[in-house]
Protein chains: 4
Amino acid sequence: MTATERFQRLKPEKKEKIVATAIDEFARYGFRQASVNRMARLTGIAKGSLFQYFGTKEGLFRFIFDHAVELIRRNLRRVKAETADQDFFERIRSSLLAGVSFIRKHPHIYQIYLKMLFQEDFPFRDEFLQKIRLFSAEYLTPLVEKGMADGDLRPDLDVHLVVFTLDAVMDRFLQAHCVPFLDGNAGLFQAPPERVEKQVGDLVDFLRRGLGAEQPSGRR
Amino acid sequence: MTATERFQRLKPEKKEKIVATAIDEFARYGFRQASVNRMARLTGIAKGSLFQYFGTKEGLFRFIFDHAVELIRRNLRRVKAETADQDFFERIRSSLLAGVSFIRKHPHIYQIYLKMLFQEDFPFRDEFLQKIRLFSAEYLTPLVEKGMADGDLRPDLDVHLVVFTLDAVMDRFLQAHCVPFLDGNAGLFQAPPERVEKQVGDLVDFLRRGLGAEQPSGRR
Amino acid sequence: MTATERFQRLKPEKKEKIVATAIDEFARYGFRQASVNRMARLTGIAKGSLFQYFGTKEGLFRFIFDHAVELIRRNLRRVKAETADQDFFERIRSSLLAGVSFIRKHPHIYQIYLKMLFQEDFPFRDEFLQKIRLFSAEYLTPLVEKGMADGDLRPDLDVHLVVFTLDAVMDRFLQAHCVPFLDGNAGLFQAPPERVEKQVGDLVDFLRRGLGAEQPSGRR
Amino acid sequence: MTATERFQRLKPEKKEKIVATAIDEFARYGFRQASVNRMARLTGIAKGSLFQYFGTKEGLFRFIFDHAVELIRRNLRRVKAETADQDFFERIRSSLLAGVSFIRKHPHIYQIYLKMLFQEDFPFRDEFLQKIRLFSAEYLTPLVEKGMADGDLRPDLDVHLVVFTLDAVMDRFLQAHCVPFLDGNAGLFQAPPERVEKQVGDLVDFLRRGLGAEQPSGRR
DNA sequence: CATGAATGAGTATTCATTCAT
DNA sequence: AATGAATGAATACTCATTCAT
């Protein structure tokens, strides 16, 4: 029986406590500075048990990370489905709003992603970053391709460049909800919902002017 | 005699070795996980000596950080001066190209900045981030304000939002030269110079369409 | 579970070895110069384990110190009770004999007290000295007060001065059993029991002449 | 040329600064915790020079200690000569007052002596303690012997015991001017001169009652 | 002779991991 | 299966001593 299988057999209550504590720990301290000791103390579970469930600290992190990726992936899939009939820029707007709402619900998960992105010092980093590619690779690229096919986007644009730009702006917009300094005085961090909606609106208008086809597709 | 004065008296050769090693170490591991032991081993310098030069690990980091900020600041000042008579978007183009070239010359310095941004747990973080604000606060904001005054930018735009967007796109564009994953398949990472020039051109065109005034200011 | 609780669960054999080694170390070197490394080496116990048991070096010292104070306090309480019906000077004699016998049984404990007294540079010194005051404050002062009330002591004496003198002489007499030099050639250090009894007798006679009431109280 | 000879050739001004700083350092921190680094910094003299003058930290301490012993010895010799014609208890009184005044003038020297007495952990301790014996051995013993020969002291007393007792009480009385805790609430520490004189008087009266011959020698 | 840079073994403390119970 | 005691290599930092300048 593999290590994580052992974990899966635990009572849901216990599993959730472990997951919540570990997410919190990794979000707060990153991988190396996270302390299994502390997680054991906070969950009230024996250190030895954690190692039985996950083998190593890395195993625990893998599990938490996969868990987080799965959450995000589910969220994206849902947004994709729910907005399938919308105009390209409406979908971007919905995506951003969904992103903000996801971050507010799971504040630590985005932080783990950011920690991962800029901490090179742990061995399995590349493997993890592959999994994160999903945002632009699985989500954004098809969305842009469809947008161009539908005539929502200017036909002369380079798909890669559009994806890159959208990824940059959207990611930064979301980062600004976790990392105060990054909001460039725009007051995004923990802004009230109506203010966020306004900001998203402005941002999407700006994107539409830069990327949108001259005459709107008329749909919607 | 203060600690760093002692360092300044060393032979240039030795100083450079220490600086290079320390930059590499902090870029790779961030502040907390960076190891003075390792730096001593890698430079071949006694641990005690490093502490004589810089007092503490924090002192060493401060020195390296100030060194980096100074490099960046000088670079920005030079670009600003050299492009004073250019149109707003030309200045952005020049800035990006200068940024890319700076990163290629000092590959680890941008990484240190990124580490700082997303590692929240060390004591003097805020103090250091203040120093970094200079990019958007001292550099970008005045540039945008002048751009609007000159009629290069659309007059109805919100300065904060423009700064935020430029900062996001430019920062991400530069990040993509340090963090392979972030280039969104655009192939920016270590791309040959001509390719970079093309990418910068496309990006600036896109920005001009989104932000530029209907009729160009005529200057240049 | 607190740190010291962990220690208490160890096998008695191991606990004793640790306590004995630590008492020896602190007696020999005082607090600052005592080395946890050395204690680990001498006990054959991993350094990490000692820190699991006591948290910090200070924690270890606190434990040892409280242990010592408890031993002394128990001893004093016992002597007090057993001599309750004796004449004042008999009680002093009994106290001295009990002190000598205690020091012979626990040779390092008195040394720790002396180290504390004259090493001023560690942080929690005052807190610990408060605990030691018990000898003169809790023990000697009431004893002298009762002695005066019973008419064993000359009524014109100042209580403070008597306590001071008794404390000085008795403390020095006991010190002379730890610190060879202090016996002033009187040969007290590790003297055979019968010689100690003689010395104590002479000392008490001297005290009685200096402090005793002209006509003995008649009791006993 | 020996190490200390090198020191002796320095300008008096420099020598005094070094001696004063070293006395202060050893009094404050004891031998092991004293830092040559700190002394070098405080004197403004290069660390290397201190080692040239004294060879090792131990050599420096030896020098300081001998210096201190010489000061004390000179003081005792002077008191001895000046009180040669006094009654025994008057000499004790004079000695105590001289001791208090010496401690007030050289507050750190007595502290060094106390540190030495109770710190066993340095190699040359016994050698140093031999030198301190002088107080009871060279000073007090002859004084007591003369006192008995002159009939100031009761003839049935044991010289060693008298020396021991006097040493204990007088030493403790002086300690109480350095170590607040030891004054047993008698308020000796930094007491005003007139109060000290009163305390000394009471103490000597007490000693006279305990040790003095029934009928005073009539001398003086 | 004076200097102070260089050294390296020393300090307390942490923590992922193992393993006997 | 669960536990938590034991481990030891790692961390930042200090300091007496040496030695080339």
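This tour goes first to DNA strand F and its protein surroundings, and then to one residue of chain A.

The model is predicted, with local features requiring pLDDT of at least 70 and side-chain atom pairs pLDDT 80 or more, while totals for chains, interfaces and linings use all residues. Residues are numbered from 1 along each chain as its sequence is written, chains are lettered from A and ligands numbered from 1 in the order in which they are written, and side-chain values use heavy atoms, without hydrogens and water.

Select DNA strand F and the residues near it (one heavy atom within 4 Å): 37 residues surround the strand, the closest being B:Lys47, B:Lys57, C:Arg6, C:Lys14 and C:Tyr53. Of the strand's atoms that come within 4 Å of the protein, sugar and phosphate account for 62%.

Next, zoom in on chain B, looking for polar contacts, here pairs of N or O atoms within 3.5 Å. A backbone N or O atom of B:Val36 lies 3.3 Å from a phosphate oxygen of DNA strand F, and a side-chain N or O atom of B:Asn37 is 2.8 Å from a phosphate oxygen of that strand. At B:Lys47, by contrast, the partner of the side-chain N or O atom is a base nitrogen, at 2.7 Å.

Finally, move to A:Ile112 in helix H7 (residues 107-118) of chain A, a helix being a DSSP run of H or I with at least four residues, numbered from the N terminus. A:Ile112 is buried (under 20% relative accessible area, 1.4 Å probe, protein chains only), with a value of 3%. Show also A:Ile23, 89 residues away along the chain, whose C-alpha atom is separated from that of A:Ile112 by 7.8 Å.

Key
A polar contact is a pair of N or O atoms within 3.5 Å; within protein, one must be able to donate a hydrogen and the other to accept it, and residues adjacent in sequence count only if both atoms are side-chain atoms. Helices (H or I, at least four residues) and strands (E, at least two) are DSSP runs, numbered from the N terminus. Buried means under 20% relative accessible area, exposed over 50%, partly exposed in between (1.4 Å probe, protein chains only).
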